[in-house]
Amino acid sequence: MRALAFECGLSPASVSAYESGGRTPTPETISRLAANLQMPVEYFLRERPFPVLAQGSVFFRSLTSARTRREQERRKQLACWDYEVSAWIDQFVELPKPDLPELQLPDESLEEHEVEKAAYDVRHHWGLALGPIPNVLRLLEQKGIFAVRQHIANRKLDAFSRVINGRPLLFLNSGKASAVRSRFDAAHELGHLILHQHLTQDELAHKETLDRVEREANLFASAFLLPEETFSRELYGLTLNAFVTHKRRWLVSVQGMITRCAHLGILDYDQERSLWVQISSRGWRTREPLDDEIQTERPTLGRKAWELIRNHPRIDISRRLRDLNLPPTVIANAIDIPVEQISSTIDDDKIVPINLPLRKTLPE
């Protein structure tokens, strides 16, 4: 806030008063604030077209420095804007309805077998077999989760999730180099959406609670991606080379599979320790074999919907975009397209085939 006040030639107290509604800025001040924040002036003058009425807790992975907390607050605001983009899309295109099963779980700490069963129950609810999941992000989008990839410079904010007005939103770091670790992040956030929606933000502010829910989400992701019944049966070797082969099929990191095997009792302490030593000696802690081959999963729902809306003859896309009063960069990032496409056309051969149904009635 101090930096914003300095750039706009205002006092921090004035900016705070504007933010709280205690004072009303002049038109000139609004223009300066909008220019500095790179926001349309209309954003400060009009009511939001899709107000955020109900927000679930945000699941970040740490409670560390003030700098990290400031970045978390920034990501919370971006999440609200991304929700607005999804709601804007939903005016024209029927997005998949959220389909997160409501499981009967205790409010307190979960036993390991309860987390394992929750992962199995989600697969069952969605009609999935117990084999590898070819594309986790596509599956989550089909189940009504609006997924966004954001560039997050802070490594402590790999991914996060929240529910806004009933719509689950998932945010992944576009800068993460490993496709399989990004898949695990998505499954981890699914764990939060399934297991921890009853927790308040105040409860998550306690380190003990946050550490517990992180452990539970990690176990959920591991069980969801590597079901015990099938994964354990397919293991033909417990060497690093064998795990690399399994990685190609299951699309989970070697380190993730070692952790899963240790948890299931397939590896004893000495075997697990030996494998971790070998991983360190080979330099696999940050980069594993196949990381250059396995493609990163990208959201497709927003992009497909955008193409359908953009090419419909009855929709004035320029006017409709102005309804959002959001920077083009925010809109483009939410639907995973180059920012230039917001105001320009693209070649027909680049249009992605889609099968999303248009609304029968469109807003005037």
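**Pockets, cavity and nonpolar cores**

Helix α13 gives the most to the lining of the second largest pocket, supplying 5 residues, and this description, like those that follow, rests on a predicted model. The pocket in question has a volume of about 410 Å³, and its lining is made up of 16 residues, of which F184, S253, Q255, G256 and T259 are the closest to its centre. At least two residues of this lining come from each of α8, α10 (207-225) and α13 (254-263). When the lining of the second largest pocket is divided by class, 7 of its residues are polar, 5 are charged and 4 are nonpolar.

Enclosed space was also examined, and the count comes to 1 cavity of 30 Å³ or more. The largest cavity holds about 40 Å³ of space and is lined by E141, F146, A147, P299, L301, G302, A334, I335 and D336. Two elements, β1 (146-150) and α15 (301-310), give two or more residues to this lining, which consists of 6 nonpolar, 1 polar and 2 charged residues.

With regard to the buried interior, the largest nonpolar core has 51 residues, and those with the most contacts inside it are F220, F224 and I258. The element that gives the most to this core is helix α8 (residues 179-195), with 8 residues. For I258, when neighbours within four places in sequence are left aside, the residues in contact are L240, F243, L267, E272, L275, W276 and I279. A second core, separate from the largest one, has 40 residues, among them L78, C80, L169 and L321.

Key:
Residues numbered from 1 in each chain as written. Predicted model: local features only at pLDDT ≥ 70, side-chain atom pairs only at ≥ 80, totals over all residues. Heavy atoms only, no water. Core = buried A, V, L, I, M, F, W, Y, C linked by side-chain atoms within 4.5 Å. Buried < 20%, exposed > 50% of the residue type's maximum accessible area, 1.4 Å probe, protein only. Helix = DSSP H or I, 4+ residues; strand = E, 2+ residues; numbered from the N terminus. Contact = heavy atoms within 4.5 Å. 1 Å grid on protein atoms, 1.4 Å probe; cavity = no way out; pocket = protein on both sides within 12 Å on 5 of 7 lines; lining within 4 Å. Points joined across faces, edges and corners; volume = space filled by probe spheres on them. Nonpolar A, V, L, I, M, F, W, Y, C, P; charged D, E, K, R; others polar.
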